[in-house]
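Please find below some remarks on the model, set out as numbered points. They are meant to be read alongside the coordinates.

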Amino acid sequence: MATAAAMNGHYSRAPKLFGRERTLHAALGGRRAADIILWRDRKASASILAAATAAWGLFEVAEYHFLTVVCYVAMIGMLVFFIWTNASTLFNLPVPRIPDTLVSERASRHAVHDVHRRLTRLVETLHDIACGKDIKMFILTVLSLYMASVIADCFSSLTLLYLVVLGTMTVPALYERYESEVDHLVARGVHDLRTHFADMDSGVLRKIPRGTGAAAPK
């Protein structure tokens, strides 16, 4: 018991992932999207994961065409509405109605603005890295992009999209459950990487000429 308590105390002292000070729920926005990603709303989370799995199975495994599935869904929906509308008078059922707006205009504008803001921040970050101000970050970014291209070449676009959705719906929830252990392991890995980079920087990287963008402003 004492050993377990000591290990838990050691894990709690480990720095948070990405140096964050807020909780994971707050870091993800603290809204409904964070509730769904962290499985606070289990019905919505399970529905999204099930829908993504079904779509991947239909289009990738069963090799259905998107237009074929859309036509089948439209035919079944029209048939259900036809039967429901005609049977409503016989069984005193409410007439089915289609909502005027499935997604509000305000929510759509907010989503577009959020995507634009994130893309702008990504472009600015890549521009700063490409200027050569931080040679370590430049090398890490190039290696990460190369690894991403290799991984993307091994899967189809739909499978890759499904893996992204699957990772989004599982990894944050698992991290929240085992947060202390993961933070401890990541902290040890970062420490080892910094040690290796320090050795590399002293022997190799300092001999590489920097670009004009790396010069310190006067």
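Is Tyr-162 buried or exposed? The relative accessible area of Tyr-162 is 14%, so this residue counts as buried, the cut-off for that class being under 20%. The points below start from the overall make-up of the chain and come back to this tyrosine among the aromatic residues.

1. Overall make-up. The model is a predicted one, and its secondary structure comes to nine helices and zero strands, so that the order of elements from the N terminus on reads α-α-α-α-α-α-α-α-α. Of the 218 residues of the chain, 15% count as buried. Among the contacts in the chain with a separation of 6 or more, 57% are accounted for by residues 24 or more positions apart.

2. The stacked aromatic pair. A search of the whole structure finds two aromatic pairs. One of them is formed by Trp-56 and Tyr-162, whose rings are stacked, with 5.1 Å from centre to centre and 10° between the planes. This pair links distant parts of the chain, since Trp-56 belongs to helix H4 (residues 42-61) and Tyr-162 to helix H8 (residues 157-177), 106 residues apart. The two partners fall into separate accessibility classes: Tyr-162 is buried at 14%, whereas Trp-56, at 26% relative accessibility, counts as partly exposed.

3. The tilted aromatic pair. Phe-59 and Phe-66 have ring centres 5.9 Å apart and planes at 45°, and the pair is therefore classed as tilted. With a relative accessibility of 22%, Phe-59 counts as partly exposed, while Phe-66 has a relative accessible area of 60% and is exposed.

4. Further positions in H4 and H8. Leu-163 is placed in helix H8 and, at 36% relative accessibility, counts as partly exposed. Its C-alpha atom lies 9.7 Å from that of Ala-52, although the two residues are 111 positions apart in sequence. Ile-48, which is placed in helix H4, is likewise partly exposed, with a relative accessibility of 37%. The C-alpha atoms of Ile-48 and Val-165 are separated by 8.9 Å, with these positions 117 residues apart along the chain. When neighbours within four places in sequence are left aside, Ile-48 is in contact with Ile-36 and Met-169.

5. Surroundings of Ser-45. Ser-45 also lies in helix H4, and a relative accessible area of 0% makes this serine buried. A polar atom of the Ser-45 side chain lies 2.5 Å from the backbone oxygen of Ile-36. Again leaving aside neighbours within four places in sequence, the residues in contact with Ser-45 are Asp-35, Ile-36, Trp-39 and Met-169.

6. Two positive phi values. Most residues other than glycine have a negative phi, and that is why the next two residues are singled out here for a reader who checks backbone geometry. Trp-39, which is not a glycine, has a positive phi of about 60°; this residue is placed in the loop between helix H3 (32-37) and H4, and with a relative accessible area of 23% it is partly exposed. Glu-63 has a positive phi near 60° as well, and its place is in the loop between H4 and helix H5 (66-91). At 63% relative accessibility, Glu-63 counts as exposed.

7. Helix H7 and its start. Does the length of helix H7 agree or disagree with what its number of residues would suggest? H7 covers the 19 residues 135-153, which at 1.5 Å a residue should span 27 Å, and because its end C-alpha atoms are 27 Å apart, the two values agree. At the start of this helix, a side-chain oxygen of Asp-134 comes to within 3.2 Å of the backbone nitrogen of Lys-136.

8. Packing of H6 and H7. Helix H6 (residues 105-130) packs with H7 at an angle of about 120°, and the axes of the two helices are 8 Å apart. That angle makes H6 oblique to H7. The residues that meet are Leu-126, Ile-129 and Ala-130 on the H6 side and Met-137, Phe-138 and Thr-141 on the H7 side.

How values were computed:
Residues numbered from 1 in each chain as written. Predicted model: local features only at pLDDT ≥ 70, side-chain atom pairs only at ≥ 80, totals over all residues. Heavy atoms only, no water. Helix = DSSP H or I, 4+ residues; strand = E, 2+ residues; numbered from the N terminus. Expected span 1.5 Å × (residues − 1). Polar contact = N/O pair within 3.5 Å; in protein donor to acceptor, adjacent residues only side chain to side chain. Phe/Tyr/Trp six-rings, centres within 6.5 Å; stacked < 30°, edge-to-face > 60°. Buried < 20%, exposed > 50% of the residue type's maximum accessible area, 1.4 Å probe, protein only. Axes fitted to C-alpha atoms, helices over the stretch in contact; angles between N-to-C directions. Parallel < 35°, antiparallel > 145°, perpendicular 65-115°, else oblique. Contact = heavy atoms within 4.5 Å.
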